[in-house]
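Q: Could you walk me through this structure? I'm new here, so please take it slowly.

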Amino acid sequence: MTYTNITTIKNFVISGFPGLPPEYYGYVSALLLLVYLVIVFGNAFILTFIMWEQTLHKPTYWIFFHLAMTDLGFATVTLPKIITGYWWNDMVSSFGACFTQMYFVHSLGATHSLILMMMALDRFVAIWFPFRYPLLLTNKTVSIACSLCWILSYIDMLFIVFLTLSLPFCNINVIMQCYCDHGSILQLGCGENVPHLTNVSFANAMVILLVPLIFVFFSYFTIIIFVLKMKMSHTERSHKVLSTCAPQIFITCLFYVPRCFVYLTYTIGFSFSPVARIIIIMMYSLIPAAVNPVIYCFKTKDIKKALMKRLKNTKVNIETKTDSDVKGNVSNISQS
């Protein structure tokens, strides 16, 4: 069969969760809206608090700032469409809108992966070269490095999007996913270039995932070795080092472990049912974005300390104002 470069599909249909009865659309929409609000408020709070609190203007927390931006961006790119789709029973997405969503989904994912590598580098330098840390990782260098993570990711995904746009799309237009992603769109392409583009895209995804992951693994592995050696002579200091790295390790595991699991199962030929695959992808895409702000607040010493100080000052100010109001009222009553 001969294919042309003429695309006959004008719209894509987002399947969401296949087989979901219509009477549950409202409940699923409400649940996803709740998840979206948790992600928005949690990450918006982190962004605002880091910008507002001068004591947090340090390299480590600017990296957290960029991670929160990627989490907030990913949720905003993916969830509103599926929420409104289930609420108004409209799962149609235009050709251009679907490709735009795909571009931002993967650009944000790549950016997040690179910034996690930056976070591992930050801890690696802080543990192994503590005296050179203030010189090597300043606010300026971290801001430039994180900005490059954003720029390189978005440029890289432009290449993938333009390659995918060169494919003809014909007949089937149902995307088996809750949002437009590259793998689902590629499955709908037709023509002899599809296998080649599939290999190119897979290689690109592996580089984006594996290069940061290898460095992250190396960084935290050496830190753990450092802690184990230190435990022999400085138990208290080793606990302190481990506690400073624990939030970063947990955040990194939330991002990489489920993705590596999915890629490994795909590589060995194990396949999930469409519903199970979509649920797994939604969980590893959204749960970290909702949980990360909690980790920042309760597992990071400086943020927790600054937050408690602000809350304590607010409480003192409220009590002082209340006492002043009560004294003023008593004074007015005695004068009358």
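A: Let's start with one residue: Tyr86 has 3% relative accessibility, so Tyr86 counts as buried (under 20% relative accessible area with a 1.4 Å probe and protein chains only; over 50% is exposed, and in between is partly exposed). Please keep in mind that this is a predicted model, where local features need pLDDT of at least 70, side-chain atom pairs count only at pLDDT 80 or more, and totals for chains, interfaces and linings use all residues. Residues are numbered from 1 along each chain as its sequence is written, and side-chain values use heavy atoms, leaving out hydrogens and water.

Q: OK, and how many aromatic pairs are there in the whole structure?

A: A search of the whole structure finds 23, where rings of Phe, Tyr and Trp (its six-membered ring) pair if their centres lie within 6.5 Å, and planes under 30 degrees apart count as stacked, over 60 as edge-to-face and the rest as tilted. One of them joins Phe17 and Tyr86, whose ring centres are 6.4 Å apart with planes at 10°, so this pair is stacked.

Q: And is Phe17 buried or exposed?

A: Phe17 counts as buried, at 17% relative accessibility.

Q: Switching topic, which residues have the most contacts inside the largest nonpolar core?

A: They are Phe12, Leu79, Ile82, Phe169 and Met282, in a core of 96 residues (a set of buried Ala, Val, Leu, Ile, Met, Phe, Trp, Tyr and Cys residues joined through side-chain atoms within 4.5 Å).

Q: What does Met282 touch?

A: Leaving aside residues up to four places away in sequence, Met282 touches Phe17, Leu32, Leu79, Cys178, Tyr179 and Ile287, with contact meaning heavy atoms within 4.5 Å.

Q: Which residues do ring pairs link into a cluster?

A: Ring pairs link Phe12, Phe95, Phe99 and Phe169.
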